[in-house]
Amino acid sequence: MPPPAPPTVLVPSERAVVLLSCVLSALGSGLLVATHALWPDLRSRARRLLLFLSLADLLSAASYFYGVLRDFPGPSWDCVLQGALSTFANTSSFFWTVAIALYLYLSIVRTPRAPRAGRLLLAFHVVSWGVPLAITVAAVALKKIGYDASDVSVGWCWIDLEAEDRVLWMLLTGKLWELLAYVTLPVLYLLIRKHINRAHQALSEYRPILSEAHRLQHHSSMADKKLVLIPVIFICLRVWSTVRFVLTLCGSPAVRAPVLVVLHGIGNTFQGGANCIMFVLCTRAVRTRLFSLCCCRSPPPAESPAAPKASAASRTGDSGTRGDPRELPHT
């Protein structure tokens, strides 16, 4: 095992950028949680999963903010606490991101053989909260979380670089699940898109006689269709962390390049902000209601595109019934 590389020194400008990313991510995650609480008719099954992802991202952004602000000079009790919280939240975020992709795959592609929604959600909770918690408790109990000299982070604490088996624990506390997500997410979403394209082709001859209600249902499902962008954003944000991880293992001085440090800091902290841009600011039903609330105007009428969304969700998710193949292109 090669000795740890010299510590990465964070300059004030780098810290400021990463702190700003943490704040924006926390605000974005909080806004996603608020919209879920304010408007029950927008609570589709997919958006409920997005809620749990937002909670994990919110905790992750808060713990990273403290770590970057503190910029630990060495081992301390709050270094271990911050490292444990960020490890749990970050790993949980990986699991919930994959859970969303798996849910969409089962509900769209494997509809006849998909498990009931309630049972599936319970399994997601057990895995996405339970596995990260067990890993984090084990890491803390074995004293593997500690000061890492910012070589595999951007000021926050993670795995102690003095530990002999540090690579194993880096994999268990994040990198293994991150690498698996790089493979799992594109595969699942490619299968989903392939299935949807086939459904579009099968329905092409009937499109001229589609009803107005069917058109409205198409608009109501646009927010859920944007969930397909999650793996793209996930990979674009997280890849810089993986690059620095590999450079650290190789003992390369490039791990301390300012550009990589900043990209790593933004990538690990901005997931909540990116999700907010997609599913709040770029979603008409949510954006209209949010602007109406901010401007003290009355909410949109019941026949807005958001209204059919609730009924569609009850048919395909909450009621536990199977979806109609005709609705697949609009999922």
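Me: Buried here means under 20% relative accessible area, exposed over 50%, and partly exposed in between (1.4 Å probe, protein chains only). With that settled, how many residues of helix 10 are buried?
Reply: Nine of its 11 residues (271-281), so helix 10 is largely enclosed by the rest of the structure. Helices (H or I, at least four residues) and strands (E, at least two) are DSSP runs, numbered from the N terminus.

Me: Which ones are they?
Reply: In helix 10 the buried residues are Gln271, Gly272, Gly273, Ala274, Asn275, Cys276, Met278, Phe279 and Val280.

Me: Anything to know about the model itself?
Reply: It's a predicted model, so local features need pLDDT of at least 70 and side-chain atom pairs count only at pLDDT 80 or more, while totals for chains, interfaces and linings use all residues. Residues are numbered from 1 along each chain as its sequence is written, and side-chain values use heavy atoms, leaving out hydrogens and water.

Me: OK, big picture. What's in the chain?
Reply: The protein chain has 12 helices and two strands. Reading from the N terminus, the order is α-α-α-α-β-β-α-α-α-α-α-α-α-α.

Me: And how much of it is buried?
Reply: 48% of the 331 residues in the protein chain. The chain exposes about 15200 Å², with 71% of that supplied by carbon and sulfur atoms. Those accessible areas come from the Shrake-Rupley method with a 1.4 Å probe; for residues, only the protein chains shown count as cover.

Me: What share of the contacts is between residues 24 or more positions apart?
Reply: Of the contacts (heavy atoms within 4.5 Å) in the protein chain with a separation of 6 or more, 78% are between residues at least that far apart.

Me: Switching to charges. How many salt bridges turn up?
Reply: Four in the whole structure, where a salt bridge is a side-chain nitrogen of Lys or Arg within 4 Å of a carboxyl oxygen of Asp or Glu. One of them joins the side chains of Asp78 and Arg70, at 2.9 Å from N to O.

Me: Is Asp78 buried or exposed? And how about Arg70?
Reply: Asp78 counts as buried because its relative accessibility is 6%. Arg70 is partly exposed, at 36% relative accessible area.

Me: What about Lys144, which residue does it pair with?
Reply: With Asp165, the closest N and O atoms being 3.0 Å apart. Lys144 sits in the loop between helix 4 (117-141) and strand 1 (145-146), and Asp165 in the loop between strand 2 (158-159) and helix 5 (166-203), so this pair ties together parts that are 21 residues apart in sequence. Lys144 is buried at 16% relative accessible area, while Asp165 is partly exposed at 27%.

Me: Where's the Glu178 bridge to Lys175?
Reply: Within helix 5: Glu178 and Lys175 both lie there, three residues apart, about one turn of the helix. The closest N and O atoms of this salt bridge are 3.0 Å apart, and both Glu178 and Lys175 are buried.

Me: Why does that spacing help two residues point the same way?
Reply: An α-helix has 3.6 residues a turn, so residues three or four places apart point the same way.

Me: Now something aromatic. What does Phe124 touch?
Reply: Leaving out residues up to four places away in sequence, Phe124 touches Leu49, Trp96, Ala99, Leu102, Tyr103 and Trp129. Phe124 belongs to helix 4 and is buried, with 8% relative accessible area.

Me: How far is it from Phe124 to Leu102, C-alpha to C-alpha?
Reply: 9.7 Å, with the two residues 22 apart along the chain.

Me: Last topic, the surface. Which residues form the nonpolar patch?
Reply: Leu20, Val23, Leu24, Leu27, Phe65 and Leu69, with about 520 Å² of accessible area together. Patch residues have over 30% relative accessible area and no salt bridge; like charges are joined within 9 Å, nonpolar side chains (Val, Leu, Ile, Met, Phe, Trp, Tyr) within 5 Å.

Me: Which elements give two or more residues to it?
Reply: Helix 1 (12-38) and helix 2 (45-70). Helix 1 gives the most to the patch, with four residues.

Me: And Leu27, is it buried or exposed?
Reply: Exposed, at 58% relative accessible area; Leu27 is in helix 1.

Me: What follows helix 2?
Reply: Asp71, which has a positive phi, near 45 degrees.
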